[in-house]
Structures are given as C-alpha cells and as structure tokens.
Amino acid sequence: MRLAIVGIRGIPNNYGGFETLAEYLVKYLADQIDITVYCSSKDMDSDLAEYNGAKLRYVPVTSHGAFGILYDTLSLLSAIKRNDKIILLGFGGGFLMPFLSRKSKKKITVNIGGLDWKRNKWSPSARKVIKKAEELLIRNCGNVISDNIGIRDYLLGEYNRESTLIAYGGDQAMKKGITDEFRQQYPFLNSEYAFIVTRIQEDNNINLMLDAFSAQDQLPFVIVGNWNNSEYGIETKNAYVDKPNLILLDAIYNRDILDVLRSNCTLYIHGHSAGGTNPSLAEAMYLGLPVIAFASGYNEYTTGNKALYFSNGAELTEIIKNYKSIDRKKVGSELKQIAEKDYRWEHITARYKDVVALN
C-alpha cells in the first residue's frame, strides 16, 4: 500500500498535534506501508528526503494562514496521483473535494482535529470559509476519524456522518528528574509551580489563565509557548512579562528539557477550548500530572471527568488558592490509568492502518 499523509507543516515535528500524529504513524507503520509525508519547504528548516523510513515530498507554499488552503490543495492533488490511500489532516483540502472522482474520494481518510472555525484567531469571514471547507470534506471523503467523543457526536449531529473514534497518544512523554544544571537554568524548579505548554492563541484562554495566576502569589505559573509567532502573542507577552508570579518562556522543542519542566510541576493547566483531543493534554495525563482543564466538554471526555475544571477566571483563581487541598496524587494517578489504556501510539497507529485499509 502506498499511503500519503497530507495537511501538516512537515516532519521531523517541532510544531503541533497533527505533526506528532504523523511522526508516530511513520514510526510504527513505515516498515509495513510505503509512506510519503507532504511537507512545506517554506516552513521546514530541514530538507530531508526521508525520515524514519518515510519519503518526504516538499511543496513550495507555506502551510500557515490563508495559504494553508492552497498548500493542502496542491499536496492533495499530488498525493492522489501517486498513492493508493491518503490521510488528510485538517480542513485545508476541502474545496478540492467536490471536483474529485468517486474513486479518488474513496482513497481519502479525514481527521479534522478540532473545530477550527470556532477559533478566535480567525476573522468572521475566515471562519465561514473554514466551516465550508469542513463540510465539503466530511460530505465527500471515504472515511472519517474523530479524535474525541465530542467531535464524533458533532460530526454525526451536524453532517449525519459516522466516524471512527481514535484518540492521540501520550506515551512519548517521559518523567525526568531535576539535575543541578536544570535548577540553575530554571530556578522555579526549586519550588512548587504550575505549568502549561501551549500555542499562544486566544481560544486557548491565555489571558484568562494569566489573569488568574497574576492575581495571587501562592503558585508561580510557567507558560511555554510560541509568543513571537503572532501579533497577539507579542502583545500579550509584553503586557504580562513583568508580572512577578508569571514565567513566560519561549517555545521549547527539545523534548528532554520540556519533559523535565513538565513532569515536575505541581499542577498542569490546560486551557484549550476548540475541541478534539489535544496531544499536550494526553502527554500530561500519561505523566500522571494533576490536570486543571478548561471545561470545554471535549477536555472532560479526554480526561474521563477525572481532572479538575474551570469555566472562567474566578473558578481557576479559586482552584489555585486552594491547590494544597487537592489530592494531587490521586488525580494524577487516575489520569495516568486512562492514558495508559487509551493514549498509546502503538495501538492508535494500528487502528489508523485498519481504517485506512477499509476502502
């Protein structure tokens, strides 16, 4: 079987959830399937011809913003000609779908991830475009994968389309001890702290979390993100960087460093609101961290209602003020049990292989 993975920035991954998924599909399936991963030559620092047994094919268009639709469309057109099956991640190829033959449509398995048209980072007109692209994808593709029960229910209610439920993995995260070198480089490791790794965008409730933590002095808040990638990120960092209880770190792509900072936190905060199973949340669960998550509905599904939840700043502030009364060990242990059962890449990638082979 010749399989193409389309819709991501590229691999090796240092960016986001779909890129993580692509990396692990390659890791576990490239010895069984002839895999090609489509990458943006404009966005990737490397120009490798292959990675972990998969071929990499480059398209000279950025995957970001409005150009992402063009990037996905060109990638999809190329992939259809060269491959037996295609995994399309995201919404970008939607406007091409009605023009494809029935045979080509059947090749395509789609995972839209979350509901991108709900994200505040998009303008009202962009949201309408994204929603239409989503509709065209779901109505025309061969198979649909949903990564969260909430997404599965949405697709069934909105489009009357059944989908196969397959979550993301979290077992790439590893618990790491703190060395003296790390303590010197990151002094907050010497005391209790709350932590999050996230994309810096409004729908991840960045301001809500920063306001809640800056209003108290009991627990420092360490937030790792791509602050410099958007006007919103730059403005937000400038507004909060001098708050004494906030530690705003630029994106960290070295997994060893990230695992040390994350696996030793007192609380893990998760602010995503736009739906789907977020890989950073699955990783936090696999590490056995006590998670405080935004009550989006999707996050409750992912955590099996075993985390603590907040709907607004006042609720998060209250949780922070009383964090010492939380049975953090119990919360973390219950979340780890869920992750070990449901969020392991070896099992997840095997299920993707089964679904892709259906048509």
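1. Contacts over long stretches of sequence come first. In this predicted model, residues 24 or more positions apart account for 66% of the contacts with a separation of 6 or more, where contact means heavy atoms within 4.5 Å. Residues are numbered from 1 along each chain as its sequence is written, and side-chain values use heavy atoms, with hydrogens and water left out. Local features need pLDDT of at least 70 and side-chain atom pairs count only at pLDDT 80 or more, while totals for chains, interfaces and linings use all residues.

2. Now the overall dimensions. The radius of gyration of the protein is 20 Å, which agrees with the value near 21 Å for a compact globule of 359 residues; the radius is taken over C-alpha atoms, and the globule rule is 2.2 Å times the number of residues to the power 0.38. Along the principal axes, the C-alpha atoms fill a box of roughly 60 × 40 × 35 Å.

3. On burial and surface: of the 359 residues, 57% are buried. Buried means under 20% relative accessible area, exposed means over 50%, and partly exposed is in between, with a 1.4 Å probe and protein chains only. The protein exposes about 15,500 Å², of which carbon and sulfur atoms supply 48%; accessible areas come from the Shrake-Rupley method with a 1.4 Å probe, and for residues only the protein chains shown count as cover.

4. What are the building blocks? The protein has 14 helices and 14 strands. Both are DSSP runs numbered from the N terminus, with helices being H or I over at least four residues and strands being E over at least two.

5. One open sheet has eight strands in the order 3-4-2-1-5-6-7-8, with mixed pairing; two strands pair if DSSP finds at least two bridges between them. Its edge strands are strand 3 (50-51) and strand 8 (164-165), each pairing on one side only. Inside this order, strand 2 (residues 34-40) and strand 4 (residues 54-59) run parallel and are joined by five bridges. Tyr 38 has Arg 57 in strand 4 as its bridge partner.

6. Follow that sheet to strand 8 and you meet Thr 164. Is Thr 164 buried or partly exposed? Its relative accessibility is 24%, so Thr 164 counts as partly exposed. Neighbours within four places in sequence aside, Thr 164 is in contact with Val 144, Ile 145, Ser 146, Arg 351 and Val 355. Helix 5 (residues 149-159) also lies across strand 7 (143-146) and strand 8, running at about 140 degrees to strand 7. Such angles run from 0 to 180 degrees between N-to-C directions, and axes are lines fitted to C-alpha atoms, for helices over the stretch in contact.

7. The other open sheet to look at has six strands in the order 11-10-9-12-13-14, with parallel pairing. Strand 11 (246-250) and strand 14 (308-310) stand at the edges with a single partner strand each, so one side of each is left without a neighbour in the sheet. Neighbouring strands are turned by 25 degrees against each other on average, direction ignored. Strand 9 (residues 194-198) and strand 10 (residues 221-225) are joined in the parallel sense by five bridges, and Ile 196 has Ile 223 in strand 10 as its bridge partner. Helix 9 (residues 255-263) packs on the sheet and touches strand 9, strand 11 and strand 12 (267-270), its direction making about 145 degrees with that of strand 9.

8. Strand 13 (residues 291-294) deserves a look of its own. Val 291 and Ala 293 point one way and Ile 292 and Phe 294 the other way, and all are buried. Three bridges join strand 13 to strand 12, in parallel, and Tyr 268 has Val 291 as its bridge partner. Strand 13 also pairs with strand 14 in the parallel sense over three bridges, with Phe 294 opposite Phe 310.

9. Finally, two helix pairs. The axes of helix 1 (residues 17-29) and helix 14 (residues 345-356) come within 9 Å and cross at roughly 85 degrees. That makes helix 1 roughly perpendicular to helix 14; under 35 degrees counts as roughly parallel, over 145 as roughly antiparallel, 65 to 115 as roughly perpendicular and the rest as oblique. Residues making the contact include Tyr 24 and Tyr 28 of helix 1 and Trp 345 and Tyr 352 of helix 14. For helix 10 (residues 279-286) and helix 13 (residues 328-342), the axes come within 7 Å and cross at roughly 115 degrees. Here Ala 282, Met 285 and Tyr 286 in helix 10 meet Leu 335, Lys 336, Ile 338, Ala 339 and Glu 340 in helix 13.
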